[in-house]
Amino acid sequence: MGELGFGRSFGTLQEARTSHVVHLVERGVRAINTIGNVPYVAHILRFLPSPIAAFEAWLTTALDWRLHKDRKKDDGLVPTDVFAYLLGEEGKQRRKLNRKELQQDCMLMVVAGSDTTSNAMTFCLFEMAHQPALLERVRREVEALLPDGGAELSESSFEALRDEAPLLNACIFEALRLWPPVPSGLQRTTTTDGMVLPGGMVVPHGTVVSTHTWTMHRDARNFYQPERFAPERWLSPTGAHNAKAWSPFGFGATSCIGKQLAYMEMRLVLALFVLRFDIAVAPAAAQAFRASVRDQFVIAAGALQVSLQRRRA
Ligand code: HEM
């Protein structure tokens, strides 16, 4: 999200250890999750040191850097980042955003765009590593679409991965089902008319409600053998017998704005990954990884220990 959002890399992949920026984001998200579910806590927290102070300070630095960035200087990064639109640099803006709004957009972009997609890819690889035959089929599928191993990528490479890689896409859908990156879903407030549930129960107006994505996705009434990673369920029209219950990106006016971007990223990274590496995970490592999974607004898990073997240079 650094390059695309702010026009600069945050350098989180420079070293073979988790960058402090990632820890800041994680701690920030954990605190936001708690406050989001029990908002009155925010009134008490006002009198205590803010649990997201360090995260906010880092966001302020990132925002300041972007506000003072010289766009004319070619720094080799994306020519038009998301901030170009937020700041009206592209000339299409209904109203100028103030500093507080920009700071909140900074946070939203980093939180919404980073761990969601990276977790989805991690869980997809984790599941594929357990099924070598499936991994091989995905590899054959993408090999045909990227014969040079992805050395040269163009718009048509992205289109091919979207339209001509059904198994790769099915694996992504299935990983998003089994391990939804936002497991609890987001809250809504009922409108002035309230809400009548199918059984007739009335939820009064002004009530905060939410539908738990993880639970819907793992409910046998919606998906057969719900605990099993079975990408093939997405390859037949009746496979996922209640596809409407699949909602990793939410529903409605505030559903995920980054969905298509996330798909592009996931398809490309996973395709290149399986082309370049063989991946295996030992049972003990898999068990430790599963046990480490937590819901802290965005799904979180401990390190995934895998064995990687490079396939081509
Ligand atoms: C697999 C990846 C992703 C998943 C599963 C995901 C999921 C979600 C969910 C569940 C919501 C809340 C929807 C609701 O209110 O019902 C959301 C909102 C949002 N997402 Fe994503 N997201 C992903 C990737 C991204 C990316 C790459 C971006 C890029 C910037 C992004 C930006 C946003 C934004 C800005 C919102 C808030 C939209 C609003 O409130 O109007 N997301 N996402």
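**Exercise 1. In this predicted model, state in which hand α4 passes α6, then describe how the two helices are placed and which residues meet.**

Solution.

Step 1. The crossing of α4 past α6 is right-handed.

Step 2. Two packed helices are described by the angle between their axes and the distance between the axes. Here the helices are α4, residues 53-67, and α6, residues 99-113; their axes come within 10 Å and cross at roughly 110°. That angle makes α4 roughly perpendicular to α6, because angles of 65 to 115 degrees count as roughly perpendicular.

Step 3. On the α4 side, the residues that meet α6 are Leu59, Thr60, Ala62 and Leu63. Their partners in α6 are Leu102, Gln103, Cys106 and Met107. Sorted by class, the contact of α4 with α6 has 6 nonpolar and 2 polar residues, and no charged ones.

**Exercise 2. Find how the protein chain is divided into domains, and work out what the side of domain 1 that touches domain 2 is made of.**

Solution.

Step 1. The division gives domain 1, spanning 1-113, and domain 2, spanning 132-313. Taken over C-alpha atoms, the centres of domain 1 and domain 2 are separated by 25 Å.

Step 2. Count the residues in contact: 9 from domain 1 and 5 from domain 2.

Step 3. Assign the domain 1 side to helices. At least two residues come from each of α2 (20-37) and α6. The most come from α2, which gives 6 residues.

Step 4. Sort this side of domain 1 by class: 4 residues are nonpolar, 3 are polar and 2 are charged.

**Exercise 3. Describe the shell around the ligand: which residues come nearest, which helices supply it, and where does the shell lie with respect to the domains?**

Solution.

Step 1. There are 21 residues around the ligand, and those that come nearest are Ala112, Gly113, Gly250, Cys256 and Gly258.

Step 2. Three helices, α6, α7 (115-129) and α12 (259-276), each supply at least two residues of the shell. With 4 residues, α6 gives the most.

Step 3. By class, the shell around the ligand holds 14 nonpolar and 7 polar residues, with no charged residues.

Step 4. Both domain 1 (1-113) and domain 2 (132-313) give residues to the shell around the ligand, so it lies between them.

Step 5. Helix α6 links the three exercises. Its residues, among them Cys106 and Met107, meet α4; α6 also supplies at least two residues of the side of domain 1 that touches domain 2, and 4 residues of the shell around the ligand.

Methods:
Residues are numbered from 1 along each chain as its sequence is written. This is a predicted model: local features need pLDDT of at least 70, side-chain atom pairs count only at pLDDT 80 or more; totals for chains, interfaces and linings use all residues. Axes are lines fitted to C-alpha atoms, for helices over the stretch in contact, and angles run from 0 to 180 degrees between N-to-C directions. Angles under 35 degrees count as roughly parallel, over 145 as roughly antiparallel, 65 to 115 as roughly perpendicular and the rest as oblique. A crossing is left-handed if the near helix is turned anticlockwise from the far one by less than a right angle, and right-handed if clockwise. Two residues are in contact if their C-beta atoms, placed from the backbone, lie within 7 Å. Ala, Val, Leu, Ile, Met, Phe, Trp, Tyr, Cys and Pro count as nonpolar, Asp, Glu, Lys and Arg as charged, and the others, Gly among them, as polar. Domain bounds come from an automatic or database domain assignment. A residue is near a molecule or strand if its C-beta atom, placed from the backbone, lies within 6 Å of it.
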